[in-house]
Amino acid sequence: MSHHLREAGRRREHRSFYYDLLRVPYAQGGRDAAKGLDCLGVVWEVLRRLKGQKVERMLSSIPSDPPKSVELSTTIAHLAAVRRDWLLMSKGRLPKDAKLGDVVLQMIGLEHDTPHVSVVVWNEAPVTLLTAHKAKGVVAVPASKAQGVVAVYRLKD
């Protein structure tokens, strides 16, 4: 079997843990994949799948529907409150050693005034993020297209 075919099979097998989330509709404040997800809901779901109950307890204290303008600051405040569980991997860029489950905090939009969050779901070239898009629902995007990266956090094991 050629290297290319083995690689394609490995990628397909790997993405099986999040593939069912692709195209889940966007829902502001959405935390249930059956009903729709927003960007923070996508991160919650991926971290739950990767880390299990540890994450469930931590995430349950983040408000599920903060106003859009404070969602990022709420998330950052929560990460700071539980900083013993999180590592700041980088500021302003994605780290070269990105790992599955790394949380990417961003400011997007024309004025870089819209908070956004995504999560690493493939950590080999090309690094891939999973997030929610208002018009497209949950999408996988190359990390190279990530705009306005503020910081990247990693949950300690």
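Contact here means heavy atoms within 4.5 Å. The model shown in all views is predicted.

**View 1. Overall arrangement of the protein chain.** The chain contains four helices and eight strands, which follow one another from the N terminus as α-β-β-α-α-α-β-β-β-β-β-β. Of its 157 residues, 42% are buried. Among contacts between residues at least 6 apart in sequence, 60% join residues at least 24 apart. The exposed surface amounts to about 8,700 Å², with carbon and sulfur atoms supplying 54% of it.

**View 2. The largest nonpolar core.** This core has 25 residues, of which Val-42, Val-46 and Leu-130 touch the most other members. Two or more residues come from each of helix 2 (39-51), strand 4 (103-108), strand 5 (114-122), strand 6 (128-133) and strand 8. Helix 2 makes the greatest contribution, with seven residues.

**View 3. Surroundings of Leu-130.** Beyond its neighbours within four places in sequence, Leu-130 is in contact with residues including Tyr-18, Leu-21 and Leu-22, as well as Val-42 and Val-46. Its further partners include Ser-118, Val-119, Val-121, Val-138, Val-139 and Ala-140. Apart from the largest core lies another, of seven residues, among them Ala-98, Val-104, Leu-129 and Ala-143.

**View 4. Ala-143 in the loop between strands 7 and 8.** Ala-143 lies in the loop that joins strand 7 (137-142) to strand 8 (149-155). Ala-143 counts as buried because its relative accessibility is 10%, and buried means under 20%. Outside its neighbours within four places in sequence, Ala-143 contacts Leu-94, Val-127, Thr-128 and Leu-129. Ala-143 and Leu-130 are 13 residues apart in sequence, and their C-alpha atoms are 9.3 Å apart in space.

Key: Residues numbered from 1 in each chain as written. Predicted model: local features only at pLDDT ≥ 70, side-chain atom pairs only at ≥ 80, totals over all residues. Heavy atoms only, no water. Buried < 20%, exposed > 50% of the residue type's maximum accessible area, 1.4 Å probe, protein only. Areas by Shrake-Rupley, 256 points an atom, 1.4 Å probe, with all protein chains shown as cover. Core = buried A, V, L, I, M, F, W, Y, C linked by side-chain atoms within 4.5 Å.
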